[in-house]
Structures are given as structure tokens and as C-alpha cells.
Amino acid sequence: MYGYMGKILRVNLSKKKATTEHLKDEVIRSLIGGRGFGAWFLWHELPANIDPLGPENKIIISVGPLAGTKALGVHRWMAQFKSPLTGTYFRSVGGGFFGAELKFAGYDTILIEGRSDEPIYLYIHDENIEFRNAEKVWGMTTDSTAAFLREETDKQARMIVIGPAGENLVKFAAIVTDDMRTASRGGGGAVMGVKNLKAIVVRGSKKPEIYNEKSLDETLKEEINTIKFSPGLSPFQELGTNSGVYLEYVGGCFPTYNYRQEKLYGASSFRPENLRKYIVKHYGCYGCMVRCGKIFKLSKGPYAGTVWDFPEYETHWAFGGNLGNINIESITYANMLADKYGLDTISAGSAIAFAIELYERGILGKSETDGLELRWGDPDIIPELIKRIALRIGIGRLLAEGVKKAAEMIGRGSERYAMHVKGLELPAHDPRRAKAFGLSMATSPIGASHTIGVSIFEEFGMPYKGRKVDPFDLKEKGEIAKYMQDITATYETGIWCIFIAFSFNITLDLYSKLLYAATGIKEFADPNYLLIVGERIFNLEKSINARDSIDGKFDKMPERITKEPILRDDTPARGQIFEEDILIKDYYKARGWNEKGIPTREKLRELGLEDLIMKRH
Amino acid sequence: MKVFVRLMGKILKDSNIHEFWFSLNDGASLADLLKIMEEKKGLKIDVEENPIIFINNLLINLPEGLNAQLKDLDKIIIMSPAIAGG
């Protein structure tokens, strides 16, 4: 087999047993890999309506068919599971070096099922699979865990781990690599935690075989040149996602004060010329020439001495603008804590914003906030609340449930201030500011994800059908949102870095050439086929949710987004709201779904998903 | 007439923000502004690189929007596409 290693590692934690299975040819051809594989397994193997924190849940870790080859930007890994935060199908993506090493160990996919009675970690060294005791590292932060396990296994090993947040079943606990890249969203860390699985450590000695090395090398040259000559390359190399923070604030995309979108005084803290001052080092993921990762050093203030992976765009928002906080030092320190504890920064920041607004409005009193005064713009409250969430102390016990559940538990009208879709907290992209992007988030099978349909037209400025897309307009937004979602799913069959794929304009044609050169599978030589596979995967994911009665009723934005216009007068997005009814109808029509937001029989048949019809209809 | 210009992102091959008032003849277009900025200030904006342009908070379509006529005190934002998220 070319490109793929051809093997799934099935790990049963209850029986402490690991077996290998072969990848089925028809699954490869119809779903390609990565996100496609995980969706397929979850459709076929998860019963309906299971408890995400019960032993029946499974977690699928996959890499794409190009992982471990010479191609750039394709070595990421994906975790798929039923989410304890949303109760939906979920996919979460991470970078670093783990993905490539998993491929070198000989596997395309690991499927974890059951539950261990005691804390363990998996050590995968090619065909040797060990279930090792993890008592010593249980309770350790992610970085300490990684250092310890590297000593116990192999200094060259790579791994994914959970921190105390995952052990404490925080609903938005992240899965973290040894190089601090995270599959943050959706609570995959809690799924590992409830299974008593502290880490998966891999070390490999194999390499994927390539169908046509010469063709791969030629296409690689094309890929390198595409990236090298892209105008987006140098700001991204210089500052990573920090290059866009202030720009997105001005554009109205970066929402402030729990999405109230009031003016953020001092937002100039986020200017690139200011953020640049903190950088002491650059780094990258496996097989990436961009190296968008940065290390920040804090030299002043109460957090002086901190040297850590920098806050990405989303985190500058989550611990910054969304909390009215402009103190870069506190944002950086809070980011470090989130990484160490293993927490999704977006959900954590959103939970803190929710709590601050409730306190401001008198819905939560001091007796419920552990005596803490929760104020907008207070830089020092943030690290304290992160700790309490991760360790489920005091108010942290409530916030660790996520804003949706926390609001249900509090009542008193708090639901109005819980900014989520299907339980997943909204990210740093205001749906009112970019309507197709908002539509993608509203209809996403995993809730309000900003990466489920990458906003290549409204934010990256690429033309659609030859014209610039007005982000505030409603025209054709259903079709545009569908396209964004389908093409993102297509690229996630190879688990592409979305920055490489979309910001540097790696076309479907180029992906198709790489895929065919690596695998020799003739269907993959047609870029149009790849797009059909993306649509197929998206409809499969929607069907997994529909099986659990999660349909269009849940394709809903919070009231703040549909009824409260953007207040700020320092942005072109002033006055915008999200016209949900019109946009959703347009989207379902573009999708060929029924009025309940479910794929029709005809659509499933068109996409070759007939077996879903048998089971669902 | 005078217009306010704000340039953001890697639009000028550096990541800093540039903001200034700029004098133009009455009736000048956006294209005139870009040309004169290059001539007088050495600030070259390459429209082939997909900049996002707002005039008074309205998005401008390219290339036809280059003919948009400017007025006194107009506020023009020109930014490179944002790579954010993550």
C-alpha cells in the first residue's frame, strides 16, 4: 500500500488488549483518510445516545495519507469522539510532531475503546504496544508529564497527554502534545481522562512507501514555491497568528466583552509592533517551512520570568479582548497555565467572560464567586479562575461544565449571556461581522467552530466566483458557507494545516497531485472528486448527530448575535446583526437538506451514503 | 481635500500600522490615492495581492472599486487579508 501504512491499531483499555486491523479499500477510496476515517468509525461503532463520559465512547486518533512524507503542512493529527461538552460528534485537530511519529510507528489510525480501571499510558513502539502504569504522572501538568514519560520510554518519542483538567473531567479539557500543540476543543482531554488514559507515547522506525517518488518531488517543488511566493508568508513567519490580532479588532471580527462588542480602550496593545517585542524564538511543526510558532518572554510585571509558547490569536481574544483585558503579560501567563493544565483557551476564556458578566449584572453574587470580585479588564483574576476551573475548585466546578451547562445550572436568566452553539463556546470571530462564517458556525456539526468552515472569502479576502465577498451582505451566503465547510472537510482528509492550505493557497489541484503521487489511487487524481468526498464527510457527520436527534433545532446562534447589533463605532461592522432565519433557510437549500436541517435520502444517495439511508430512514 | 488613511497587515511588507492624513485634489478616486501615495510617500499597494479596502466602513470590490470617488474627510482602511484563528 502506498502513502498509507494500511493499519488501524484498535486498543481496548478494559481488556488491556491491542490488535491491528487493515484499512478497507472501499473506505479509503470513499473517504480518503484523516477526518473521513474517524467519522466512518464513529458512525459504524457508536450506538445512538451514549454518554460521552461512559465506557462506550470511543476516541479515534488519525493522521492523513500524506503524513510522514516529504509534503509540507500535512502532518497534523485529529481526535474524533462524542464530545462531553456538546453531546455531538466532534473533531479536534493538533499539530507538532506527534502525527508524523504515529505514521512512522506504522499506523494511520488508533481507535481507543473501553476504560482502564487504573491510570495508564500507552507506549507504541512500532508493533510493540505496552499498557504502562501512569500513577506517577497522574496529577502532573502536561509539560511535566511529557518530560517524565520521555525519560521512561525514549528520548526521541513523541506523545499526546492530558493534564489535571482532563483528569478532573473538565468538559473542555484539551489533548496536548509534548511540544505544546493542542487538540483543544470539545473536551477530548476529558474523554481520555474518564478512560484513565494519561498519554499515548509513540516511537516509530518505518516510513510510508510512495507510489511515484519523482512525481511527488516535482509536486513538492510546486508546493514549496506556492508557499514561498505567497504574500501571506512573511507576516506569518514573523508573528504567526499574532499578525492578525489588531487588524481583526479593527475589522470588527475580534469581539469584546463577552460579545457585547464595546470599544476596547487600549486595544493598541495588540498591535504587531508591540507583540513583536516579546518574541525570543521561532519554531515550527514537523514538515513545515513556515514556523509560525513563537516563544514569548515576559520581562516585567508580576509574571516576569515566564518563557512560554505565545498566545495565539484566539487566546489573545479569549483571555484578552473578550474579558476587556489588554495586559499582554497576563494573557501570556494565563495561556501557559491553560497549556500546563490542559485546557481549551477559547472555552475557558468564554466561561470566564460569562462569569464576569453575570457578576456585573448581579446574577452571581460574591458568595458564589469564592469571594472574588469579577471585573472586566482585571488581568490578575484570569490566572486564578483558570486554576479553579482546571482543578474544579469553588466557582471552577460550575465553569468547568462549559457555559451552556453552567447557565442551565444557574438559571436566573443567565442563559442569555452564554455564548455558544450546541454547547461549544463561540470563538474570536463575530458572526455578525462575516455572515457566511457565522452561518458555518451555526450549522457546524460540532458547534461554534471557526475551523469547520475556514473563512477564506470574507476574512482572507479571496474572490468567490471572481468577486470580492462582502462580509456583511446576505447574498449567496448559504452556498458560500456550504463550500467553506465542504472544502475544509476535503483538506482535513489529509489533515492539512489550514494556514498552509488556505492562507497560502494550496489549490485542490495541488492536493490532488500530491495525493495521487503518494498513493497511486486513481480517483484521487481528480480534484473534483476530492470536493465530493468533503461533502460526503460533512453529511456523514451530520447524520451521526441526527441519529442522536440533534437536528436543525440546534443550528442556533445566541440571542446576542441575532438581536444585539455591534455597538463599537471604531469598526466597519458597527450596527451589524446575524440574520439567522434568512441565512439558515438559504443554507439548507444550498445543502439539499430538508427544513429540519437533515440530509435527505436523495442527498445521501447522491453522495454514496446509501447505508446511512438504511439505518436512518 | 483631506482623507484619513490607515494601512494594516503586511500591506507594505512590514507588519506595522501606518496612519496619516493625506491631501488630494477634489474628485480624486481611490486609484488616484494609491498612485499618489506611492509617488509621494513611497507606499506601494499591490492590488493583485487581494487587499481588503473599506471606505467609511463600506467594503470596496476590486478592481472596479478603484474608481470610487473620494470626498473630504473620508476614512480609508487598507489591510492585507488577516491570517487569524488558531
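Which residues have the most contacts inside the largest nonpolar core? In this predicted model, they are M159(A), V201(A), L343(A), A355(A) and I386(A). The core itself has 217 residues. Helix 13 of chain A, residues 345-360, provides its largest share, ten residues. In soluble globular proteins, nonpolar side chains tend to be buried together.

The surroundings of L343(A) were examined with neighbours within four places in sequence left aside. L343(A) is then in contact with A165(A), V170(A), F172(A), A173(A) and A174(A), among others. Its further partners include A338(A), A348(A), I386(A), I389(A) and A390(A). I386(A) also belongs to the core residues with the most contacts.

Chain A also holds an open sheet of six strands. Their order is 2-1-6-3-4-5, and the pairing is mixed. Strand 2 (17-22) and strand 5 (89-94) of chain A stand at the edges. Each has a single partner strand, so one side of each is left without a neighbour in the sheet. On average, neighbouring strands of this sheet are turned by 20 degrees against each other, direction ignored. Strand 1 of chain A (residues 7-12) runs antiparallel to strand 2 of chain A, and six bridges join the two. Within this pairing, V11(A) has A18(A) of strand 2 as its bridge partner.

Chain A and chain B are in contact through 37 residues of chain A and 23 residues of chain B. On the chain A side, helix 8 (233-239), helix 9 (245-251), helix 10 (272-275), helix 11 (313-318) and helix 19 (498-503) each supply at least two residues. Helix 9 of chain A gives the largest share, six residues. By type, this side of chain A divides into 15 nonpolar, eleven polar and eleven charged residues.

Definitions and conventions. Residues numbered from 1 in each chain as written. Chains lettered and ligands numbered in written order. Predicted model: local features only at pLDDT ≥ 70, side-chain atom pairs only at ≥ 80, totals over all residues. Contact = placed C-beta atoms within 7 Å. Helix = DSSP H or I, 4+ residues; strand = E, 2+ residues; numbered from the N terminus. Nonpolar A, V, L, I, M, F, W, Y, C, P; charged D, E, K, R; others polar. Pairing = 2+ DSSP bridges. Axes fitted to C-alpha atoms, helices over the stretch in contact; angles between N-to-C directions. Core = buried A, V, L, I, M, F, W, Y, C linked by C-beta atoms within 7 Å. Buried ≥ 20, exposed ≤ 12 C-beta atoms within 10 Å, placed from the backbone.
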